[in-house]
Amino acid sequence: MSVRGEVVALARNVAYLLAVVGRIGIVLDPEEAAITPLIEWPGGGIHARRTSR
């Protein structure tokens, strides 16, 4: 997660992301998080499968 270009946290799942943005007053449900322009999802988006290497 970044604010004004500075990395402030890593959100490894949607629940964590929603909790963090909720603390600053942004309330979203998981479906909104997938489409809102407030959130960018590098690496394939909210539903992308992560693989371990």
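Buried means under 20% relative accessible area, exposed means over 50%, and partly exposed lies in between (1.4 Å probe, protein chains only). Keep those cut-offs at hand for this tour.

**Start with the whole chain.** This is a predicted model, where local features need pLDDT of at least 70, side-chain atom pairs count only at pLDDT 80 or more, and totals for chains, interfaces and linings use all residues. Residues are numbered from 1 along each chain as its sequence is written, and side-chain values use heavy atoms, with hydrogens and water left out.

Colour by pLDDT, the predictor's confidence in each residue, from 0 to 100. The protein averages 78, and 81% of the residues score at least 70. Where pLDDT is low, the predicted coordinates should not be read in detail.

Now show the cartoon. The protein has 2 helices and 2 strands. Helices (H or I, at least four residues) and strands (E, at least two) are DSSP runs, numbered from the N terminus. Starting at that end, the order is β-β-α-α. Among these elements, strand 1 (residues 2–3) has the lowest mean pLDDT, 76, and helix 1 has the highest, 88.

Turn on the surface. About 4700 Å² is exposed, and carbon and sulfur atoms supply 54% of that area. Areas come from the Shrake-Rupley method with a 1.4 Å probe; for residues, only the protein chains shown count as cover. Of the 53 residues, 23% count as buried.

**Select Ala11.** Ala11 sits in the loop between strand 2 (6–7) and helix 1. Its relative accessible area is 29%, so Ala11 is partly exposed. Which residues does Ala11 contact, leaving aside its neighbours within four places in sequence? They are Met1, Tyr16 and Leu17. Contact means heavy atoms within 4.5 Å. Ala11 and Met1 are 10 residues apart along the chain, with 6.4 Å between their C-alpha atoms.

**Select residues 14–23.** This is helix 1. Begin at its N-terminal end, where Asn13 is the cap. A side-chain oxygen of Asn13 lies 3.2 Å from the backbone nitrogen of Ala15.

Which residues of helix 1 are buried? Pick out Val14, Leu17, Leu18, Val20 and Val21. They lie on the same side of helix 1, because they cover an arc of only 165 degrees around the axis. The arc is that of the directions from the helix axis to the C-beta atoms. An α-helix has 3.6 residues a turn, so residues three or four places apart point the same way.

Rotate to the face turned away from the buried side. The exposed residues Ala15 and Arg23 are there. Then move to Gly25, just after helix 1, which takes a positive phi of about 95 degrees.

**Select the core.** Show the side chains of Val14, Leu17, Leu18, Leu28, Ala33 and Ile39. These 6 residues make up the largest nonpolar core. Such a core is a set of buried Ala, Val, Leu, Ile, Met, Phe, Trp, Tyr and Cys residues joined through side-chain atoms within 4.5 Å. Helix 1 gives the most to this core, with 3 residues.

**Select residues 30–35.** This is helix 2, part of what covers the buried residues of helix 1. Find Glu31 in helix 2. Is Glu31 buried or exposed? Its relative accessible area is 57%, so Glu31 is exposed. From C-alpha to C-alpha, Glu31 and Val14 are 10.0 Å apart in space and 17 residues apart in sequence.

**Finish at Leu38.** Leu38 is in the segment after helix 2. Leu38 counts as exposed because its relative accessibility is 64%. Its C-alpha lies 9.7 Å from that of Ile26, 12 residues away in sequence.

Definitions and conventions
Polar contact = N/O pair within 3.5 Å; in protein donor to acceptor, adjacent residues only side chain to side chain.
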